[in-house]
Amino acid sequence: MTDRLFYLKEDVYFEPLFNNWYAWSYLLPPVTAARYMVNTHKRIMNSFVNNYELHISAAKESVVTGGDFLHCSEEQLEDIQNLINDIDTKCSDLVELSSAINALDEMLESHTSGQTVEPFYKKVPQALSGYVELVMDLQHRPSYRLIEALLYQSKYYKKDLQALSFGMLSKVEERPFVLSTPRLPDDNHLRIEADFNSKIVDEIFKSREIPISEKRIKELFSTNELAGGLDYNELFTENKTQFPHKPVESGVRLQYTGHAGFLVETKDVSILIDPVIASRGKEYEADTISYSEIPPKIDFICLTHNHQDHVCIESLLQLRYKTSQVIVPKNNGGSLADPSIKLLLKHLNFNVIEVEDLDQINIPNGKITAIPFLGEHGDLNVRSKAAWLIEVDGKKLFFGADSANPDVNLYRHMCDLLSGLDVYAIGMECVGAPYTWLYGALHSKMVPKAIKDTRRLDGSDCTQAYGVVEMIKPKQVCIYALGMEPWFKYFMGLEYEEDSKQLLESNKMIEQCSQINILAEKMYGRKTIEL
């Protein structure tokens, strides 16, 4: 008797977890993981325990989505307290590591003479000793460099805190915001105690396009500890997708995949930019580009910068089995605010190419060039960011993501390189959160309001974006990375009004482009451009 074959259902969604929290890219490098565990997760959970009524009330208001409010019930109060206790006991070494950063910052801040820092090695907290290099900059200010590769080999890199969570859009009204609420097992989810490199990960996601036997499904799930009320058999169906990938026969096809993502395809190569791929639910079925429409092989994934909506671990793990190479920008080499994307992805079993500004990677009938990226990081010295210029089959496409344009001379110096663009894609989320919304946990001291209010995670406004368009005259402009799709609210936390500045600036950009006969439009949902 032939074993029955099954596919992973379209509406199944996946959340990688680290210590019960949604795993975004700063939760995997050991030191940043320690900082967010102590300064964000523990802080928010303590706030919930001390004032759960406020959190429950706030969670009902969509306007505060993205704020520091747990989406939990009164009945989960004991569960949250247990998670707090686990941080103090089971993760005590990470707590100590985070405290060591505070002590090291305080020690170096007190060194104002400009003299050698070598005597301070003996005073480095034990948790960091041997993992840092102490340095002075050219203004004689002390700092340190984390030896990241060594930290990944240490006890602080905790694969045992990783887990897998599965849910189905048909069983939940919407996914709760991922950055402010721990994921507790419940009736609508299945939790698997397995790390991100476990064989079950690739086998499950491969079954979206290549069916898996009933026997193999049982084998995979029976060898791992499970929790939650969702039966693993409910994740699978005998029916093939109704939205298969359509191969490119000629020319260049550009497909907007949602939020900050694009797919560039020819008959010879497929390239994904910043993939954040949505699971396909019934409500937005026709508007969503989901995993079934991604090519069976991805030659390159290009990542622009290390924010959770661009380096999306959730999507990357689901694409890993079919991805040949990931291209990432080089980081600063040990800065707390700028962990290495290369090291992160290498420890997730990706084949990674790290590039400098203007480095080029050859591809079939073309090349990929890393373009310098300014702004959007609250003035922090973050180097791991790049826009991408893709030249293939005689077409030129630029993907700028959230890069701002505070100095138009950068693009003036690259006019020859960027001339003749067929597509100029630029993000216009020009009213970003204060930079502390994302990076605050890394600080050892509270950041004054006057500082964080001026240093924001802003992308380009119309003046900045149009300044580039006016200079390089692309044939077409795509405005994207606005977080407008409602199915991405679970990680963007955005809800626009008609008079939101981001939309007003985007509309102004479209109008100004039309005045010089350049087509410009906002990307939303499903959009295909044949070139």
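## A helix pair to start with

Is Glu219 buried, partly exposed or exposed? In this predicted model, Glu219 is partly exposed, with a relative accessible area of 33%. Its salt-bridge partner is Arg216, and the closest N and O atoms of the two are 3.1 Å apart. Arg216 also counts as partly exposed, at 21% relative accessibility. That value sits just above the 20% under which a residue is called buried.

Both residues belong to helix α7, which spans residues 214–222. They are three residues apart, about one turn of the helix.

## Salt bridges between loops

Let's widen the view. A search of the whole structure finds 32 salt bridges, and two further pairs make good stops on a tour. In one of them, Arg383 meets Glu356, with the closest N and O atoms 2.2 Å apart. This pair links distant parts of the chain, 27 residues apart. Arg383 lies in the loop between β18 (366–371) and β19 (387–392), and Glu356 lies in the loop between β16 (352–355) and β17 (360–363). Arg383 is partly exposed at 36%, and Glu356 is partly exposed at 33%.

Next come Asp422 and Lys475, whose side chains form a salt bridge at 3.2 Å, N to O. Here 53 residues separate the partners along the chain. Asp422 is in the loop between α11 (415–418) and β21 (423–427), while Lys475 is in the loop between α14 (462–472) and β22 (476–480). Asp422 counts as buried because its relative accessibility is 7%, under the 20% cut-off. Lys475, in contrast, is exposed, with a relative accessible area of 57%.

Salt bridges also join into a network: Glu10, Arg280, Glu293 and Arg526 are linked in this way.

## A closer look at α14

Helix α14 comes just before the loop that holds Lys475. At the N-terminal end of α14, Asp461 acts as a cap: one of its side-chain oxygens lies 3.3 Å from the backbone nitrogen of Thr463. Just after the helix, Lys473 takes a positive phi of about 50 degrees.

Which residues of α14 are buried? They are Cys462, Ala465, Tyr466, Gly467, Val468, Val469 and Ile472. The elements that cover these buried residues include α10 (409–412), α11, β21, β22 and α16 (501–515). Among these, α11 and β21 are also the elements on either side of the loop that carries Asp422.

## The seven-stranded sheet

An open sheet is built from seven strands with mixed pairing, in the order β16-β15-β14-β13-β12-β11-β24. β16 and β24 (527–530) stand at the edges; each has a single partner strand, so one side of each is left without a neighbour in the sheet. From one strand to the next, the twist averages 20 degrees.

What is the sense of pairing between β15 and β16? β15 (residues 323–329) pairs with β16 in the parallel sense, over four bridges. If you want a spot to find in the viewer, try Pro329, which stands opposite Val355 in β16.

## The annotated span

The UniProt record, an unreviewed entry, carries the annotation "domain: Metallo-beta-lactamase" for residues 271–423. In the model, this span is 14% helix and 27% strand. The C-alpha atoms at its two ends lie 15 Å apart.

Definitions and conventions:
Residues numbered from 1 in each chain as written. Predicted model: local features only at pLDDT ≥ 70, side-chain atom pairs only at ≥ 80, totals over all residues. Heavy atoms only, no water. Salt bridge = Lys/Arg side-chain N within 4 Å of Asp/Glu carboxyl O. Buried < 20%, exposed > 50% of the residue type's maximum accessible area, 1.4 Å probe, protein only. Contact = heavy atoms within 4.5 Å. Polar contact = N/O pair within 3.5 Å; in protein donor to acceptor, adjacent residues only side chain to side chain. UniProt positions renumbered as here; feature names shortened; annotations may be inferred. Pairing = 2+ DSSP bridges. Axes fitted to C-alpha atoms, helices over the stretch in contact; angles between N-to-C directions.
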